[in-house]
Every structure is written in C-alpha cells, then in structure tokens.
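Here is a short briefing on the empty space and the ligand site of a protein. Have a look at the model first, then read on.

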Amino acid sequence: MSQLAINGGPKAIDRPLGVTWPGFGDAERQALTAVLESRKWWRGGYSDPNESWVGRFESAFAEYQGAQFGVACTNGTQAIELALKAVGIKPGDEVICPASTFVASATAVILVNAIPIIVDIEPETYQIDPDAVEAAIGPRTAGIMPVHYGGFPCNMDRLMAIAEKHGLFVIEDCAHAHGSQWRGKGCGTFGAFGTFSLQMGKNLTCGEGGIVLTDDEDLAAKAFSYHHIGRMPGRPFYEHHIVASNLRMTEWQGAIAYCQSQRLPEQNERRMASFRRLEAGLREIPGVDPIPWDESLVTRRGCYFYHFRFKSEEFEGLPRSRFVEAMGAEGLGIGSGHLHPIQRNPLFTNRNFGPVCWPAGIDAPDYASVETPVADRILAEEGCSLGHSLFLGPPEDMDLILDAIRKVRDNVRELR
Ligand SMILES: Cc1ncc(COP(=O)(O)O)c(C=O)c1O
C-alpha cells in the first residue's frame, strides 16, 4: 500500500503552515488614512522631512539595525546603485560579488558602469567565500559586495579584514537580512553602506521599496542627494549639486514600512524560536542538515528564506528534485534559493549589458567561463529553502514539517 502522498497516500501536512504574508492590522489602516487626509503624499510636504512617515521609518529601521543614518528609496536594486554612486564608483571599477544571489546584486553594479566580478560561495554557509574574494582582487578592484544570502550573515570578520588590507569599500547587500546580526552588530553596518529591499516577499515590506544605511554622515548626505535629483539637505529646493535621479519613497510606502518595522523585532524573535525547534529535529534525521549556526557569531537571524542541506546519498541516491516533489505532495513547498549562479543568466552569457560606458580597453570578464562549482552544486542539488512566513505560525508547524520529512525518508523506496 502506498504511503506517500505523491503516490496517493494521505498528506503529512493537511493544513496551511505559517502565516499569510504580509500581515497588517489597524496600525497600517490608520497610517494610510492619516497619509490620505494629510494631503502630504510625499515627504516634501513636511517642513521637517524627518517628521514624515518616510523619515520615521528611516530612523526606526536604522535604530533597529544599529546604524546612524538611513535613506529610504524606491527599491533594493536602486538602493545598491545609490550606495555605489555615493561611495564614488568610477566607470570600469570592479566590484566582487557572490554567484549565489539575486541577479540585481550584480546588475546594479553594471547600471553604474562598473563591472561585477562573480565569485563562488562557501560550501558550509552558502555565503560568499572570503578566499575566493581575496583571489579575485586585482588592480581595478574597488569594492566587495557581500550578500547575506537568505539572511544568514556572511563572515564579516574576514571580509572586513580583506577590504581593509586592500583599501576596498564594502557595500553589504542586505536584501534578505532585515534584523540579521554578526557578533551583535547589525548586517549593513559593517561596510560603507548596507542596502535593503522592501519588496513584497521580504521580511520587512511595503510592496516595493528600499533603504540604505550608513554610519557616515557625509555618505548619508551623498545618498540623500543621489536619491533626490541632486538636492542637498538644508539648501534651496531648486539648487541641484549632482546629476541624479528621483529615487524617493512615497508617504504611502513610508507609512506601511514604518508600521511593518514596528512588527519586525517580535517577528524575528518568533522566526528564530522556530528555526531552533526545526533544527533540533533536523539534526535527528540523516540527510537533512541545518547550516551550522554558531550563535556566538550569528547573534540574530533575520530571514528571507531558511536553508537546509539535502544529502542525496542519505536518501538512497534520491535527487533533490524528487525529494522536493514528494515534500510538495505532503503539503510543504520547498525552494532552492535561486535557479542557478547569476552568471548563467542570458544577460551575462549573451553579454546584454545595455548602454554601458566602460573606459576604452576595459571589458567585463567572459562570464560564460566563470566557474563557481560550489554555487552550481548547491543551487542544483543540495540547498533546500523555506520561506520566512512559514516560521511565524504556531511552533507545532515545525513538528509537522519534520513529520513530513521523516515520512518521505522512511518511504524513499516508493520514490525510486
Ligand atoms: C539579494 C538581492 N539583492 C537585491 C534585490 C533587489 O531588490 P528589489 O527587488 O527591491 O529591487 C533583491 C530582490 O529580491 C535581492 O534578493
């Protein structure tokens, strides 16, 4: 008799897990009504821009993450562009970023006429490999862009030491890491800037949006100017100092982002309690290993998605794709992070870079030949990801997930 749901048996998980994302309540309703009735639908309506919803969000989120200054903007991609412009990126400069990320980490670099150098990740943590970073440094390297992939912090001790040794800037892509900390210090506060996305799926969202954080007052002023058509704080409105776009966040987004930022600390605590419960169970099941979580280093885990490691050899050679299929039938959607290393996207293999202005004699690498075997393997065969909203439901949801994994493992022969 078939037991697995994929073969017609009963599902191990027969109710929705986690919570519907995003959540909202009276705070969001009242804030949106307040924006409407104020007739100040952009922050420029306020004589003190810090009193706007956008300003309140910037202060609240910067404080939670442990940064001095925040500049909210349109989205996470443009947050990276903003940060790169503010640190003074020049055409043809190289910025080292990981293969395992969303493509915007690298395309934002191209959009400011610089060149992404894509390197492999560590097999243990799935984060950018500091040795690969060091090996990729050359005469045109200007900076490093670690991405705290899934919200798990990169090794900031090593990356900051490498940056300092070679005189490079660090811009942390924190699109997945709202709340994450390395050794008690917020992700996004190590380098010159941390950049965040507030797009709908993220664990802090206002539908679309972004923010850059920094501790440097001068850099904050530059970011402000680059997001505000070249205006400078405290200067006349029609006085423009640099060529820059309009990347301003609206008050609608600011109101939602502020309210959601007030929910984030408690949500992150709940997520971490769920991770711990899930991990205690995963450790008991051969073939589904948590990423080692040294709590003296990774002191807080924000999370866009949670990764665990699928070991096919412990499942009698079952491919991950078949495990994911069987788990889906049991009632749990499992992802893999992203489809493939970013350099395998057609835009890189076909060199569709758009109207870039690289100085004469300077060209991007042949991305088709950039080898990142660890990222290839993890994205294709090993990494299993669970979305963050799964971890906000009742703690018993973790037990159901574990039951479903055990069931698939115990009946793996049915899948072969
Ligand atoms: C790692 C990473 N960087 C940057 C971005 C871009 O953010 P946005 O979609 O808000 O432009 C994303 C979006 O998912 C991302 O995952």
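How many cavities of 30 Å³ or more does the structure hold? It holds 1. This is a predicted model, in which local features need pLDDT of at least 70, side-chain atom pairs count only at pLDDT 80 or more, and totals for chains, interfaces and linings use all residues. Residues are numbered from 1 along each chain as its sequence is written, and side-chain values use heavy atoms, without hydrogens and water.

**The cavity**
- A cavity is a set of points on a 1 Å grid over the protein atoms alone where a 1.4 Å probe fits but cannot get out.
- The largest cavity has a volume (the space filled by probe spheres set on the points) of about 80 Å³.
- Its lining (residues with an atom within 4 Å of a point) has 13 residues, and Y149, F152, R301, F305 and H307 are the closest to the centre.
- The lining divides into 6 nonpolar, 6 polar and 1 charged residues, with Tyr and Phe counted as nonpolar and Arg as charged.

**The ligand**
- Around the ligand are 15 residues (a heavy atom within 4 Å), and the closest are T77, D173, H176, S197 and K202.
- A ligand nitrogen atom is 2.7 Å from an N or O atom in the side chain of D173.
- Ligand oxygen atoms lie 2.8 Å from a polar backbone atom of G76 and 2.7 Å from a polar side-chain atom of K202.
- The protein buries 91% of the 390 Å² that the ligand exposes when taken alone (Shrake-Rupley method, 1.4 Å probe).

How values were computed
On a 1 Å grid over the protein atoms alone, a cavity is a set of points where a 1.4 Å probe fits but cannot get out, and a pocket is an open set with protein on both sides within 12 Å along at least five of seven lines; lining residues have an atom within 4 Å of a point. A polar contact is a pair of N or O atoms within 3.5 Å; within protein, one must be able to donate a hydrogen and the other to accept it, and residues adjacent in sequence count only if both atoms are side-chain atoms.
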